[in-house]
Amino acid sequence: MQTRKKYIFLTFLASWLLLFFFGRDQLRHFAFFSGRKTEARRNWPRWTDRSLLKSFADSEELQSDGDPSLPSPRERRAARLSVYKNSRCRMETCFDFSSIDTLDRDHLSGQYVRNVDEKIRGFPLWNGGRNHLIFNLYSGTWPNYTEDLGFDIGQAILAKASFYTESFRPGFDISIPLFPKDHPQRGGEKGWLYQDSVPPKKKYLLVFKGKRYLTGIGSSTRNALHHIHNGKDIISLTTCKHGKDWEKHKDTRCDKDNVDYEKFNYQELLHNSTFCIVPRGRRLGSFRFLEALQAACIPVLLSDGWELPFAEAIDWGKAAVVGNERLLLQIPSAVRCIHPERVLAFQQQTQFLWDAYFSSVDKIVHTTLEIIKDRLLPHRSRSRFLWNTLPGGLLALPEFSTHLGDFPFYYLQHGSSPSAKFTAFIRAVSPAGSLSQPILRLIQAVSGSQYCAQILVLWSCEKPPPPSGKWPQTTVPLTIIQGRGKLSDRFFPYAAIQTDAVLSLDEHTSLSTSEVDFAFTVWRSFPDRIVGFPTQSHFWDPEQKRWGYTSKWTNEVSIVLTTAAFYHRYYHSLFTEYLPAGLRELVDGLAACEDILMNVLVAAVTKLPPIKVTQRKQHKESVSQQVKGTTGRFSQHQDCLNQLADWFGYMPLVSSQLRLDPVLFKDQVSVLRKKYPRLEKP
């Protein structure tokens, strides 16, 4: 019942939000799909745009209580009420919770809703289906399983599983995968193949285990599968036990097939086969399509006329073999001819597609909506390259850019490099409101880097920043940005940040110019990761049955604190515009939670750990002293970590034992031969 309610809610939400959006006058205010707030909220605060704001009010702008031309407070209140006539509205009084479940349109199903045509026409905003989106998983029923939904969808967009190409309206409808009722709402299970890993040679080349239909639609293909079974590297098993009266229709093969069927475990076959046959069932789609994707078992599709899920965006030629039902006997020789390198590419692509678009209901719905968004905004729509390359279309925000070189993920494929300079971004929170010695030393050290383009200071103190004459003279521009006092301010996509790299710093961070130079050099080789100095790690506590957080110096590292770290500026946009507002509110209320959320976000996007770089001994000791003085905050850190894991649906953080040191670091050679000799000084 809870799963059914979840499906109904998602369908209802998509329909109403699409209706709201399509009714807008300007498509550029597409706030729902991007997860962004209104344009005014997105662009505020633009604290660097002070030249556009007056710092004083003209005398005629000031209101005077004695001016008879001004309305009285009672008149102003009456005017507001006339505009907001329903100002007393609450969700329980002014929101229509009624919805219609359109997911299961098989009239033999217990979930079938009757009289949908009459009910849907009763919606005051239905308008013949215009600007509506309808989700459907099952249509038609025995014996023909037609595409008929039992009601007129009118001009509504249909997002449907098992979509027949002749019924599909290209560029309008969307084909979605068939998924089970227990499919996770968010997060979802990981694929079975580790990213960029080479799987061991599988025991079987090609497998199938499933029901065969003795009569009716879909029976011809499944009845023929036994012809390719050789009992060695090709296993094709079927059972006749399907339906209440299967024994009435059993043939001479059924008894033997049923016995052989029980000799193999379905999950073991998935794990140990290179290719998995995905034939049509009664309908064109089947659950085994997603099961094969997750298992890195390359789907061999035998479902003529099936419009593949999200084919408008996804290039299935890189992840599946599309066969012809009438040429079943040619399948074994066809898959044997595929080169091992291409097989590996297929397997890795199945894992990417599973994780990016299919592992949860949220991702399936989100992908549907983002494809529609690309249609509406073609001037900034995502290319098929973005949809089919890590990290995927959902994580390549077109609001940020449509140019591949602006993202941190595609430099290697295109033989380019990130910009050769960085922006230092220092967060100042000192209650005194004055410039302390640590921040002065930090500014001098950072500005001395040959790679520093500019320094931005996020002033998050209650008192105003010191006048320009109090700030140190630097060889690079230094700009003060007035913050709002929120921890999440440090990851706002400020327009002043123009370089690819951001060096995030706290005012009490102690770094030398050599450390900065070396860390930036490392980051340019790993522009999609967080590269920095102070580190933490997470672990699973079996006694507490929750995630733990530690700052102990161990070999395992999964978090690099953003008090001294490089990362790509795109992550500011993802943090602010991709993550829901509730997560940003969470980090504003918990100490150092913004560090954890940024690391969780980057790990969720890249599936990779951060990178730790060399620190001076003196810096290590100062960090260790700070940690000892803040042990009471670790409970908040752990609360933050566990709440984030709950929201993502899994733990995205990845641990690593990698640490990068300069060549000849600590080697017994002349200091003159070392590129970063100052790193060894205490």
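Start by selecting Y204 and S273: S273, in β8, is the bridge partner of Y204. You are looking at a predicted model, in which local features need pLDDT of at least 70 and side-chain atom pairs count only at pLDDT 80 or more, while totals for chains, interfaces and linings use all residues. Residues are numbered from 1 along each chain as its sequence is written, and side-chain values use heavy atoms, with hydrogens and water left out.

**Stop 1: around β8**

Widen the selection to β6 and β8, which pair in the parallel sense over three bridges. Two strands count as paired if DSSP finds at least two bridges between them. The strands and helices on this tour are DSSP runs (helices H or I, at least four residues; strands E, at least two), numbered from the N terminus.

Now add strand β9 (residues 298–302), which pairs with β8 in the parallel sense over five bridges. Within this pairing, V300 of β9 stands opposite I277. Follow the chain from β8 through helix α10 (residues 288–294) to β9, and you trace a right-handed β-α-β crossover. Right-handed here means that, with the strands pointing away from the viewer, the path from the first strand over the helix to the second runs clockwise.

Is β8 mostly covered or mostly open? Colour residues 273–279 by accessibility: seven of the seven residues in β8 are buried. Buried stands for under 20% relative accessible area, exposed for over 50%, and partly exposed for anything in between (1.4 Å probe, protein chains only).

**Stop 2: helix α8**

Select residues 254–261. Which residues of α8 are buried? They are C254, D257, N258, D260 and Y261. These residues cover an arc of only 165 degrees around the axis, so they sit on the same side of α8; the arc is that of the directions from the helix axis to the C-beta atoms. Turn to the other side of α8 and you find K256 and V259 exposed. The cover over the buried residues includes β6 (204–211) and β7 (234–239).

Stay here and show the side chains of R253 and D257. They form a salt bridge, with the closest N and O atoms 3.1 Å apart. A salt bridge is a side-chain nitrogen of Lys or Arg within 4 Å of a carboxyl oxygen of Asp or Glu. R253 is partly exposed at 22% relative accessible area, whereas D257 is buried at 12%. Add R212 and D251 to see a network of salt bridges that links them with R253 and D257.

**Stop 3: the three-stranded sheet and α13**

Next, pick out the open sheet with strand order β2-β4-β5 and parallel pairing. Its edge strands, β2 (133–136) and β5 (174–175), each pair on one side only. Helix α13 (residues 361–376) packs on this sheet and touches β2, β4 and β5, where contact means heavy atoms within 4.5 Å.

In α13, select E370 together with R382: their salt bridge has its closest N and O atoms 2.6 Å apart. R382 lies in the loop between α13 and α14 (384–387), so the pair ties together parts that are 12 residues apart in sequence. Both partners are buried, E370 at 3% and R382 at 7% relative accessibility.

**Stop 4: a long-range pair**

Finally, jump to R546 and D639, a salt bridge with the closest N and O atoms 3.1 Å apart. R546 is in strand β17 (residues 546–550) and D639 in helix α22 (residues 634–648), 93 residues apart. R546 is partly exposed at 26%, and D639 is partly exposed at 33%. To browse further, show the full set: the count comes to 23 salt bridges.

Note on methods:
Axes fitted to C-alpha atoms, helices over the stretch in contact; angles between N-to-C directions.
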